[in-house]
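Reader: I would like to go through this model with you and ask, for each term, what stands behind it.

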Amino acid sequence: MAATIVAVAACSPAQGPPDPEARTWIRNMWTGPAVLPQAEARPHPEGSLAVGAPRIMNRREARLGLTNPLEATAAVTAEGEALYATYCALCHGDAGTGDGDLASYYRRMPDLTAPHVLAYPDGFLYAIIREGGRNMPRLGDALSARERWALVHYLGTLAPPDAATEADSR
Ligand code: HEC
């Protein structure tokens, strides 16, 4: 008997006004609770930016507008060095000279000890790490802002091999 009723209810054509009594076990678009657009305030997803919050600067703006909030202490530089070994050395090489394990797969692997790179403003290096380049991957998703700034301090300590030898021989 119960089976017969279920079968009849399930097979009744969707014509005419639906009978809510016969369909209480179906959560469909007729009987489900209607939630109108924007009727319920939902919390913002974590990490989202509110409209009107500061915009993320592009590379050119970051070059001039961002300064390193971290002090270049030995601990911060050491943190940057460890991050460099994990995230950058495979391409740019242990000493930054562009001879990492993956370098041969690229047409050009920049030497981070080149004078023009050492002269880059902190904000510019920060934005390069965050966004990557044509071939360099963006590391903004892998590294926190603090880690990126620590890396920037470490990059500042890289020196061309010649300079290091000169300093050592003095
Ligand atoms: C998968 C390889 C790869 C990794 C990993 C990588 N880079 Fe790069 N990087 C490149 C390439 C290739 C370029 C040249 C620009 C381009 O083609 O994107 C570059 C360019 C740069 C430049 C600009 C050099 C110039 O002459 O203007 C800097 C600075 C830099 N990388 C720093 C880093 C730092 C710091 C890390 C680690 C957080 C890192 N890169 C990780 C491949 C890599």
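**Helix H6 and the ligand shell**

Author: In helix H6, which spans residues 122–131, the buried residues are Gly123, Leu125, Tyr126, Ala127, Ile128 and Ile129. This is a predicted model, in which local features need pLDDT of at least 70 and side-chain atom pairs count only at pLDDT 80 or more, while totals for chains, interfaces and linings use all residues. Residues are numbered from 1 along each chain as its sequence is written.

Reader: Why are Gly123 and Leu125 called buried?

Author: A residue is buried if 20 or more other C-beta atoms, placed from the backbone, lie within 10 Å of its own, exposed if 12 or fewer do, and partly exposed in between. Gly123 and Leu125 are listed as buried, therefore each reaches 20 or more. In the protein, buried residues make up 15% of the 170 residues.

Reader: What do the buried residues of H6 pack against?

Author: They pack against helix H2 (59–65) and helix H7 (145–157), where a contact requires C-beta atoms, placed from the backbone, within 7 Å.

Reader: What makes H6 a helix?

Author: Helices are DSSP runs of H or I with at least four residues, and strands are runs of E with at least two, numbered from the N terminus. The protein comes to 8 helices and 0 strands.

Reader: Which residues come nearest to the ligand?

Author: Of the 22 residues around the ligand, with C-beta atoms placed from the backbone and within 6 Å of it, Cys88, Cys91, Gly133, Asn135 and Met136 come nearest. Helix H4 (89–92), H6 and H7 each supply at least two residues of this shell.

Definitions and conventions. Contact = placed C-beta atoms within 7 Å.
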